[in-house]
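Let's take a walk through this model together. Have the sequence and the 3D view open side by side, and follow along one element at a time.

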Amino acid sequence: MQKKLLLLLALGFWPSYSYSDSIAPYYGYTGNAITDQSLRWSMGNVLPDGTPGLDIQNVIYGYKIQKETGEWVTVYVQNEFAEGAGEGYIFRERDDWKPGSLAGTEILKAVPVGNLPRALWGDGSIEVEGNGSVTDASVVYTYKVTPCFDPQFDPNCPGYKQPVPEIYEVDLGDVYDAVAEGDSDQLQWDPNEDEQIDDEELSEEELAEKEAEEEKNREERQEEALFEAGRAELFAMALSAAQLKDATQINIRSYTQRTIPGGVYNDTAVLVDNDLPDAKSGLRNGLAQQLLHQQMVAMQYNLTK
Amino acid sequence: MLNKNITTLGVAAAILLSAQSGIAQANETPINGTVQSRCIIQTDTAGTFGNPNAYTLTTASADGGENAVIRIDVTLANSYYAEITAPSEFSSSPTLPDQVTWTGDTEVKTVSDSTTMGAYESGKVELGMMDRYDLTATGSTWFKTSSVATMGGNKAFPGGNYTALVQADCIAK
């Protein structure tokens, strides 16, 4: 019966105007808000907040009254205002069960509430005043979601504006200004901090003393530099010596301790002739060189013809 | 002479015209209208007979049956009675071997407003199988009707389909 009522409501609120599917308002309904006998419910569990453009349109509830026929029992079905949205109740429906109404009689009620944004709805409850109780309770909310509640949701929404990316103007002077004064975040060169002593203001003695001091400093710096250089050189020599030492300590015993089979090794080549004459080709070659030498000497003294 | 004849002709014509205009004229123009009933009756749930034994048909849920539920919507307060009559015969059934005894009752099942409709049930008037409710408020009321059919002589109901009708009427005050 409740489903039929919901269907009728959904058809009744079906949009009669044309919209593209993505931005057309759509409708729905929640499940039963009451899940236990406490007759209290949290709206966060029934219809989570956070959907922009979600409005509650109807509250549909039902229950059976349990009471004596002669009793007057008043039942409230209600929702408090959400925290920070207001005081009291955003929705409160009163049912008076007067004497004469019978136990077990059921009520089914659809209460239009207009379009109240979901964010306004706080927790709900059923409150019974008088000597009676309710059973088989159910509370259902019907709602409408308007996607174009935020025109920027879709380009087809009325009022949509082409988004323009925000480009922040950055003043480079704010980031670093080499000549800025008073910016504690920057390391600045303060010419006043240096000892600017005009030589013209010094006397001759002071000037001589200053020069002597500078000379002394210069010598100290040079000495220090030489010391550092010498130390570096010593270090390099020590390193070189260490490398040489490492190189000479190669284990070569494995090569020198080879054993050779013992015994007598006799000569195998025997020269038969006692006189070995010079090779004639060598003589000819030596004579040619001698002649060439004499020719060259003669050329030196213009003896050549 | 000519003038006299003309005069006579004119008088005759006048008499003739006079006689013509004296004929009765009749016309009927309809006035149409549609009255939407301020009392709308709908079947919410069709009942079902259970068959706990061979000679009984009942709508009791304990016996596998289901009560019929009728919804009446009233948009004009204090103008109608609802008369709901539980069945006292089958509208269709196999040939029965004996007389059937009927019992039935109607109760308010659900109301849409407790303050104005809560006492409908206690204020009803029972006339045999018919229950009369004074619809004093606008809104919807659901009535449930139970029915029990018992075959005479404890004879068995023949196999087949059985249908009985609950009659609901809105009677203008």
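## A guided tour of two chains

What you see here is a predicted model, so it makes sense to begin with the features that are easiest to trace by eye.

Start in chain A with an open sheet of 4 strands, arranged in the order β2-β7-β4-β5 with antiparallel pairing. Its edges are β2 and β5 of chain A, each of which pairs on one side only. In general, the strands of a sheet pair through backbone hydrogen bonds, in either a parallel or an antiparallel way.

Now cross the sheet strand by strand. From the β2 edge, β2(A) is joined to β7(A) by 2 bridges, and the two run antiparallel. If you look for W41(A), you will find that its bridge partner in β7(A) is G124(A). Moving on, β7(A), which covers residues 121–129, is linked to β4(A) by 7 bridges, again antiparallel. Here V77(A) stands opposite I126(A) of β7(A). Finally, β4(A), residues 73–81, meets β5(A), residues 89–97, through 8 bridges in an antiparallel arrangement. On this side of β4(A), V75(A) faces D95(A) in β5(A).

V75(A) is also a good guide to the interior. The largest nonpolar core has 39 residues, and V75(A) is among those with the most contacts inside it, along with Y61(A) and V139(A) from chain A and I70(B), A82(B), Y120(B) and F143(B) from chain B. The strand that gives the most to this core is β3 of chain A, residues 54–67, with 6 residues. There is also a second, separate core of 7 residues, which includes F49(B), L57(B), V148(B) and F157(B).

Which residues is I70(B) in contact with, once its neighbours within four places in sequence are left aside? The list includes I41(B), T43(B) and D44(B), then I84(B), and further along the chain F143(B), T145(B), V166(B) and A168(B). One of these partners, F143(B), is itself among the residues with the most contacts inside the largest core.

That brings us to chain B as a whole. Its secondary structure comes to 2 helices and 12 strands, which run α-β-β-β-β-β-β-β-α-β-β-β-β-β from the N terminus on. Of the contacts in chain B with a separation of 6 or more, 74% are between residues 24 or more positions apart. Buried residues account for 28% of the 173 residues in this chain.

Back in chain A, turn to helix α6, residues 280–300. Its 21 residues reach 30 Å from the first C-alpha to the last, close to the 30 Å expected at 1.5 Å a residue. How many of its 21 residues are buried? The count is 0, and α6(A) is hardly covered. Just after the helix, N302(A) takes a positive phi of about 55°.

Two more backbone details are worth a stop. L39(A), in the loop between β1 (26–29) and β2 (40–41) of chain A, has a phi near 55°, a positive value in a residue other than glycine. L39(A) is partly exposed because 19 other C-beta atoms lie within 10 Å, while a buried residue needs 20 or more. In chain B, N154(B) also has a positive phi of about 55° although it is not a glycine, and its place is in the loop between β10 (139–151) and β11 (163–164). N154(B) has 11 C-beta neighbours inside 10 Å, so it counts as exposed.

Technical notes:
Residues numbered from 1 in each chain as written. Chains lettered and ligands numbered in written order. Predicted model: local features only at pLDDT ≥ 70, side-chain atom pairs only at ≥ 80, totals over all residues. Buried ≥ 20, exposed ≤ 12 C-beta atoms within 10 Å, placed from the backbone. Pairing = 2+ DSSP bridges. Expected span 1.5 Å × (residues − 1). Core = buried A, V, L, I, M, F, W, Y, C linked by C-beta atoms within 7 Å. Contact = placed C-beta atoms within 7 Å.
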